[in-house]
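Grab a coffee and work through these exercises at your own pace. Try each task before you read its solution.

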Amino acid sequence: MPQRELGSRSGGGCLARTRTFTVEQWVTHWLAGKRESKSARTAERYDQICKEFVESLAGRAKLNIAAITPKDILDFRKTRTAKGLTASTTNLDVKIISGAFNAAKRQGYIPMNPCTAVESLPIERTEKGVFSRDHVKMLMKAAVQKENGRAVFDAGNDWQGAILFSYYTGARLQDVANVRGDSIDLPSKLITYTAQKTKERILVPIHPDLQAHLLRLPAPDVGNAFVFPKLAGRNTGGRSGLSRTFARIMARAKIAGALVRDRNKQGRTIRSLTFHSLRHSFNSEMANAGVGEELRMKLTGHATREQNKKYTHHDLAPLREAIKQIPSLD
């Protein structure tokens, strides 16, 4: 809601009306538009960052939006870094706030965006690890290992399939865990799913190794049943999350990634090898085999929705050849 309307004489003698907003009012107004134009997940993130921003301003949130200065933006950023967030995350937070101020500037409510005077934090570049073919075989073996006649991991068989699935499709952990039977067309040797992170529709030809494994799985009762039911619906983070379980499988396989960042204030320790490294392995194996970047982008889901809509049988041929370039684990 606008704070008030001010009357002023224009050069032609007509009375012009100018709306003014407090910071709180403008953020609320801007977010309403984002909820209509962005995905629910993105809109939720915008809501949270804007809430944090308003809270960092304290009483200044009641001021006219034009009163906000670069110092206010820097103070907000300090509250984020104090929570142990990475420079990359913090820069993205400021970028979101900058979007709100850019919109206010375009509509004539402020003369300048205070975020533009704040330089981004330098991002520490870290080398992301990849799993070798031997690593993948070790992980699959560790997932189903038994000790004293009992399986070490309750969902070992599902984990074995999930590891292979990600290595040969590049799918993220959350997408692998929740893939359903109707996403897999074995006769056509195609997998089609919507990435939960990006909402992109992704199409990947099935590698022969993965096809052989999928054919060995029990047929689901219904087409949309989860392929890996013991992993489906579980959180990736947290003490009992999927990422932590995969770390235990890595330890069981005696695979340890290099320490990228020690435990931060949120209790997170970042290592170079995680489940996400299977995605890097997928991409790297094709790159090493000479598969071009454009094809790799399509297969890893970095293509636009419009590009995915344009696939034809002819277009699939180079994608199938690209997948074939990933060597078998045998």
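What follows is a set of five exercises, each with a solution in steps.

This is a predicted model, in which local features need pLDDT of at least 70, side-chain atom pairs count only at pLDDT 80 or more, and totals for chains, interfaces and linings use all residues. Residues are numbered from 1 along each chain as its sequence is written, and side-chain values use heavy atoms, with hydrogens and water left out.

**Exercise 1. The overall picture**

Find how many helices and strands the protein has, and what share of its residues count as buried.

Step 1. Helices (H or I, at least four residues) and strands (E, at least two) are DSSP runs, numbered from the N terminus. By that reading the protein has 13 helices and 9 strands.

Step 2. Buried means under 20% relative accessible area, exposed means over 50%, and partly exposed lies in between (1.4 Å probe, protein chains only). Of the 330 residues, 40% count as buried.

Step 3. Contact means heavy atoms within 4.5 Å. Among contacts in the protein with a separation of 6 or more, 61% come from residues 24 or more positions apart.

**Exercise 2. An aromatic pair**

Work out how the rings of Phe53 and Phe101 are arranged, and where the two residues sit.

Step 1. A pair of aromatic rings is described by the distance of the centres and the angle of the planes.

Step 2. Rings of Phe, Tyr and Trp (its six-membered ring) pair if their centres lie within 6.5 Å; planes under 30 degrees apart count as stacked, over 60 as edge-to-face and the rest as tilted. This rule gives a count of 12 aromatic pairs.

Step 3. For Phe53 and Phe101 the centres are 6.0 Å apart with 85° between the planes, an edge-to-face pair. Phe53 belongs to helix α2 (residues 40–57) and Phe101 to helix α4 (residues 87–106), so the pair links distant parts of the chain, 48 residues apart.

Step 4. Now check burial: Phe53 is buried because its relative accessible area is 1%, and Phe101 is buried because its value is 2%.

Step 5. For contrast, look at Thr79 in helix α3 (residues 70–81). At 32% relative accessibility, Thr79 counts as partly exposed. The C-alpha atoms of Thr79 and Phe53 are 9.1 Å apart, with their positions 26 residues apart in sequence.

**Exercise 3. A sheet of strands**

Determine the strand order in the sheet that contains β6, and which strands form its edges.

Step 1. Two strands pair if DSSP finds at least two bridges between them. The open sheet has 3 strands in the order β5-β6-β7, with antiparallel pairing.

Step 2. β5 (184–185) and β7 (201–205) are the edge strands, each pairing on one side only.

Step 3. Take β5 and β6 (residues 190–194): 2 bridges join them, and Asp185 stands opposite Leu190. Their hairpin has 4 residues between the strands, and Lys189 takes a positive phi near 55°.

Step 4. Next, 5 bridges join β6 to β7, with Ile191 partnered by Val204 in β7. This hairpin has 6 residues between the strands, and Lys199 in the turn has a positive phi of about 65°.

**Exercise 4. Two crossing helices**

Decide how helices α5 and α9 are oriented, and which residues meet.

Step 1. Axes are lines fitted to C-alpha atoms, for helices over the stretch in contact, and angles run from 0 to 180 degrees between N-to-C directions. The axes of α5 (residues 133–143) and α9 (residues 242–252) come within 8 Å and cross at roughly 105°.

Step 2. Angles under 35 degrees count as roughly parallel, over 145 as roughly antiparallel, 65 to 115 as roughly perpendicular and the rest as oblique. Therefore α5 is roughly perpendicular to α9.

Step 3. Leu139, Ala142 and Ala143 in α5 meet Phe246, Ile249, Met250 and Arg252 in α9.

**Exercise 5. The surroundings of Ala143**

Is Ala143 buried or exposed, and which residues is Ala143 in contact with?

Step 1. Ala143 is buried, with a relative accessible area of 1%.

Step 2. Leaving aside neighbours within four places in sequence, the contacts of Ala143 include Phe153, Trp159 and Ile249.
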